[in-house]
Amino acid sequence: MKRLLLSTILLALAGTAYADFQAPPASEYTATRKLGRALGNIVYALEEVPTSIIRWNTREGNYGGYSVGVVDGFGRSFARIGYGFYELVTFWAPTYKCTYKPPYQDSCGRSGLKEYNVWGGFSEFPEEIGFESKYGEYSRLSED
């Protein structure tokens, strides 16, 4: 009887220890992250215009960059501003599938992902403009 009681207690403690080490699937998405994402989308939404021009210019050339790129950039800017105000108003509530993940989709129709499709979807935060970027192949650290 003592062995049965001891093994039951041991299994119960082991089960809670295992559960303590596991983070919930959406634990990195919080209300404060949603509020920061909303403010970033509102403030930096117009950066979509030059980045869309650059993307279309590299793929289709100058005419595509300065015609379709401008229109696509403003469309993406207005969409990002809309998502920003939506998330600003609802930052306190887990709205997308009871989580704080972003509601916008990538081009494959999947939401709340960190992957970014250049032509169809949105990244979680607006893109950076300038020479320093986390997506480049060069590092800011010098190797001597």
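Which residues make a nonpolar surface patch of about 350 Å²?

## Surface patch

In this predicted model, the residues L46, F74 and F78 make up a nonpolar patch on the surface, with an area of about 350 Å². L46 sits in the loop that joins α2 (31-43) to α3 (48-60). The relative accessible area of L46 is 57%; since residues count as exposed over 50%, L46 is therefore classed as exposed.

## Helix α4

Helix α4 covers residues 62-89, a run of 28 residues. At 1.5 Å a residue, a span of 40 Å is expected, and the C-alpha atoms at its ends lie 39 Å apart, so the two values agree. The helix also has a bend of about 35 degrees, located at G69.

G69 is one of the buried residues of α4. The others are G64, G65, G73, R76, S77, R80, G84 and E87. The buried residues of this helix pack against α2 and α3. An α-helix has 3.6 residues a turn, so residues three or four places apart point the same way.

## Segment after α4

Two residues in the segment after α4 call for comment on their backbone angles: K97 and C98. K97 is not a glycine, yet its phi is positive, at about 50 degrees. C98, likewise not a glycine, has a positive phi of about 60 degrees.

Both side chains can be described by their accessibility. K97 has a relative accessible area of 66% and is therefore exposed. C98 reaches 70% relative accessibility, so C98 also counts as exposed.

Terms used: Residues are numbered from 1 along each chain as its sequence is written. This is a predicted model: local features need pLDDT of at least 70, side-chain atom pairs count only at pLDDT 80 or more; totals for chains, interfaces and linings use all residues. Side-chain values use heavy atoms; hydrogens and water are left out. Patches are made of residues with over 30% relative accessible area and no salt bridge: like charges are joined within 9 Å, nonpolar side chains (Val, Leu, Ile, Met, Phe, Trp, Tyr) within 5 Å. Accessible areas come from the Shrake-Rupley method with a 1.4 Å probe; for residues, only the protein chains shown count as cover. A salt bridge is a side-chain nitrogen of Lys or Arg within 4 Å of a carboxyl oxygen of Asp or Glu. Helices (H or I, at least four residues) and strands (E, at least two) are DSSP runs, numbered from the N terminus. Buried means under 20% relative accessible area, exposed over 50%, partly exposed in between (1.4 Å probe, protein chains only). The expected span of a helix is 1.5 Å times one less than its number of residues. The bend at a residue is the angle between axes fitted to the seven residues ending there and the seven starting there. Contact means heavy atoms within 4.5 Å.
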